[in-house]
Amino acid sequence: MTQLGLQRTAPSRLAAPRMPRPRGDGRVALLFIAPVLLGFAVFYLYPTIRGLWWSFTDYSLLAEPEFVGLENYVAVLTPENLWVQLVNSTIAAVFTTSGVILLGVLAAFVIARYQFKGRDALFTLFTAGLLFPLTVAVVPLFTMIKGLGLLGNLWGIIIPQVAFALPTTIIILVPFLRAIPAELEDAATIDGAGRLGFFWRIVVPLAGPGLVTVGVLAFVASWNAYLLPLLILGDPSHSTLPLGTQAFATQYSSDTAKVMAFTTISMIPALVFFTLAQGRIVSGLTGAVKG
């Protein structure tokens, strides 16, 4: 029994790997990199923390600011314009994200999974779209939207936002869809699933990390958009939150605390959404690079 016990325990001892100890140069590098990263974190977080603190104070007396709690937030949330702008930003971001995901995954599926004449040229065309930011196409875009009668309409910013987000979306999703084994498609065909069945039941679930990545990027870009709503919507009382923040800061330029409270409220939804999906974004971009 003792020999058997030794024979059973010996392999477990041999199988347990020893963790490599960090070398001296690795420790020195860590001691050097950690303060640098901490310094960058403080540098980027300080304005946000400072502005958040200001939003809870009374800056009518700049010499000695006084903590007033949620008083500034109550004052900011009272006007109707804020809620109109919040609803408009939400509608624009949700419809933009939905359009980007749906059209992007359909186009990427065709480019990644099927051979046809001009496929590489089509992918190159979408890639070239990254070279033309929104600011380059402002004048013709405004003329086209005006001709369509979409000035002052949320669709006038949703449709262009979807179009300008498609190049990045397709570039991220194509490697995901190409990495799906062809055997899965063959097995789905044998089971009686057509191309659409294979797409909805297999491709879309497997491309989940990539879809989350492009969805979050589209949502945050739409939520923070300023130039396009400025041109298309115009009136701050019926616009999105970035325009409302600028108009509020202009109107209450002497009341820094209320401006900071308004800014904090406007950035909370995008910040929470981005934070919750941060892990998926990293995994999605990593998968795109590996593909």
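**Exercise 1. Determine whether F199 is buried or exposed, and place its ring among the aromatic neighbours.**

Solution. F199 has a relative accessible area of 2%, and it is therefore classed as buried, a term that means under 20% relative accessible area with a 1.4 Å probe and protein chains only, against over 50% for exposed and partly exposed in between. The model is a predicted one, in which local features need pLDDT of at least 70, side-chain atom pairs count only at pLDDT 80 or more, and totals for chains, interfaces and linings use all residues. Residues are numbered from 1 along each chain as its sequence is written, and side-chain values use heavy atoms, with hydrogens and water left out.

The next step is to look at the rings, where Phe, Tyr and Trp (its six-membered ring) pair if their centres lie within 6.5 Å, and where planes under 30 degrees apart count as stacked, over 60 as edge-to-face and the rest as tilted. The structure holds nine aromatic pairs. One of them joins F109 and F198 in a tilted arrangement, at 6.3 Å centre to centre and with 45° between the planes. Because F109 lies in helix α4 (residues 80-113) and F198 in helix α9 (residues 195-206), this pair ties together parts that are 89 residues apart in sequence; helices here are DSSP runs of H or I with at least four residues, numbered from the N terminus. Both F109 and F198 are buried. F199 and W200, in turn, form an edge-to-face pair, at 5.0 Å centre to centre and with 80° between the planes. Ring pairs link F109, Y114, F198, F199 and W200 into a cluster.

**Exercise 2. Find which residues line the largest cavity, and describe their character.**

Solution. A cavity is a set of points on a 1 Å grid over the protein atoms alone where a 1.4 Å probe fits but cannot get out, and its lining residues have an atom within 4 Å of a point. A search of the whole structure finds one cavity of 30 Å³ or more, and the volume of the largest cavity is about 40 Å³, a volume being the space filled by probe spheres set on the points, which are joined across faces, edges and corners.

The lining consists of L134, V138, L141, F142, I145, L228, L231 and I232. Both α6 (138-147) and α11 (227-232) supply at least two residues each, and the largest share, four residues, comes from α6. By character, the lining divides into eight nonpolar residues, no polar and no charged, where Ala, Val, Leu, Ile, Met, Phe, Trp, Tyr, Cys and Pro count as nonpolar, Asp, Glu, Lys and Arg as charged, and the others, Gly among them, as polar.

Terms used: 1 Å grid on protein atoms, 1.4 Å probe; cavity = no way out; pocket = protein on both sides within 12 Å on 5 of 7 lines; lining within 4 Å.
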